[in-house]
Amino acid sequence: MLMGIYIYSPKEKLMKERIIGIIENVQAKPPGALMKKTCDLVFADTGIACIFLGTSTTVSAMLGNAAGGTGGAIAFYASTQPAIDEKRKKGAGKSIGKLLAQDKENFFIKYSDIEKEKSIYKTGFFDTLFIAAQLVVHAKGKKYVFDTPCSTKNISKQIILRATGNIRVG
């Protein structure tokens, strides 16, 4: 976890901001896209940066399963994860502003824009079914849906609770 580093805001104005936590390997649809992609959610003092890293590992595994059963699922998943890890590695140490500028699909949600009464992180048994915990964020009339890995839901809860009071944790 990075703390107290200098980063650029989305408006490229130099400011000191603290990164509270990062949830990796999240599945989300970029605005206007048809298919989900893999992204990291970077929780900072002022908001959430969604940084897309590549093809969805989940979608790749499903396609592989359809094409070649369990072996195909493993092969398709294994073929997409290294590219995602490499892109994440190349972004390490870069400012949030620079990460956002790397891809037109990346976006930033200010905590002050989040509608508290509608935004929730669903972590209950029937919500996840041991697959993914869903983070639903409503901000400025838009709905963002993020599927976080179920294996990270406990640390993800802590990151969200520490970052903002505008998202209910269930």
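The side chains of Lys 37 and Glu 105 meet in a salt bridge, with 2.7 Å from N to O. This contact belongs to a predicted model, and the count of salt bridges in the model comes to 7. Lys 37 lies in strand β4 (residues 37-44), while Glu 105 lies in the loop between α2 (96-101) and β6, so the pair ties together parts that are 68 residues apart in sequence. The two partners may also be described by their accessibility. Lys 37 has 26% relative accessibility and counts as partly exposed, whereas Glu 105, at 15%, counts as buried.

A second salt bridge joins the side chains of Arg 88 and Asp 85, at 3.1 Å from N to O. Both residues lie in helix α1 (residues 57-91), where they are 3 residues apart, about one turn of the helix. Arg 88 counts as buried, because its relative accessibility of 16% is under the 20% limit for that class. Asp 85, with a relative accessible area of 36%, is partly exposed. These two residues also take part in a network of salt bridges that links Glu 24, Asp 40, Asp 85 and Arg 88. A further salt bridge is formed by the side chains of Lys 118 and Glu 115, at 3.4 Å from N to O; Lys 118 is partly exposed, at 44% relative accessibility.

The discussion now turns to the strands. Strand β5 (residues 47-55) pairs with β6 in the antiparallel sense, over 4 bridges. Within this pairing, Ile 48 stands opposite Ile 109 of β6. In a regular strand, side chains alternate between the two faces of the sheet. Strand β6 (residues 107-110) has a covered face made up of Phe 107 and Ile 109, and an uncovered face with Phe 108 and Lys 110.

Phe 107 leads on to the aromatic contacts, for which the count comes to 3 pairs. Phe 52 and Phe 107 form a tilted pair, 6.2 Å from centre to centre and with 50° between the planes. Since Phe 52 lies in strand β5 and Phe 107 in strand β6, this pair ties together parts that are 55 residues apart in sequence. Both rings belong to buried residues: Phe 52 has a relative accessible area of 2%, and Phe 107 has a relative accessibility of 12%. Phe 107 also pairs with Phe 146; the ring centres are 6.3 Å apart and the planes stand at 25°, so this pair is stacked. Because Phe 146 lies in strand β9 and Phe 107 in strand β6, the pair ties together parts that are 39 residues apart in sequence. Phe 146 is buried, at 1% relative accessibility. Ring pairs link Phe 52, Phe 107, Tyr 144 and Phe 146 into a cluster.

Helix α4 (residues 153-163) has the buried residues Lys 153, Ser 156, Ile 159, Ile 160 and Ala 163. Seen down the axis of α4, these residues fall within an arc of 115°, so they line one face of the helix. The face turned away from this buried side carries the exposed residues Asn 154 and Ile 155.

Finally, the backbone deserves attention. Most residues other than glycine have a negative phi. Asn 25, in strand β3 (residues 19-28), has a positive phi near 60°, and this residue is partly exposed at 23% relative accessibility. Lys 140 also has a positive phi, near 50°. Lys 140 is placed in the loop between β8 (132-139) and β9 (142-149), and is exposed, with a relative accessible area of 64%.

Note on methods. Residues numbered from 1 in each chain as written. Predicted model: local features only at pLDDT ≥ 70, side-chain atom pairs only at ≥ 80, totals over all residues. Heavy atoms only, no water. Helix = DSSP H or I, 4+ residues; strand = E, 2+ residues; numbered from the N terminus. Buried < 20%, exposed > 50% of the residue type's maximum accessible area, 1.4 Å probe, protein only. Pairing = 2+ DSSP bridges. Arc of directions from axis to C-beta. Phe/Tyr/Trp six-rings, centres within 6.5 Å; stacked < 30°, edge-to-face > 60°. Salt bridge = Lys/Arg side-chain N within 4 Å of Asp/Glu carboxyl O.
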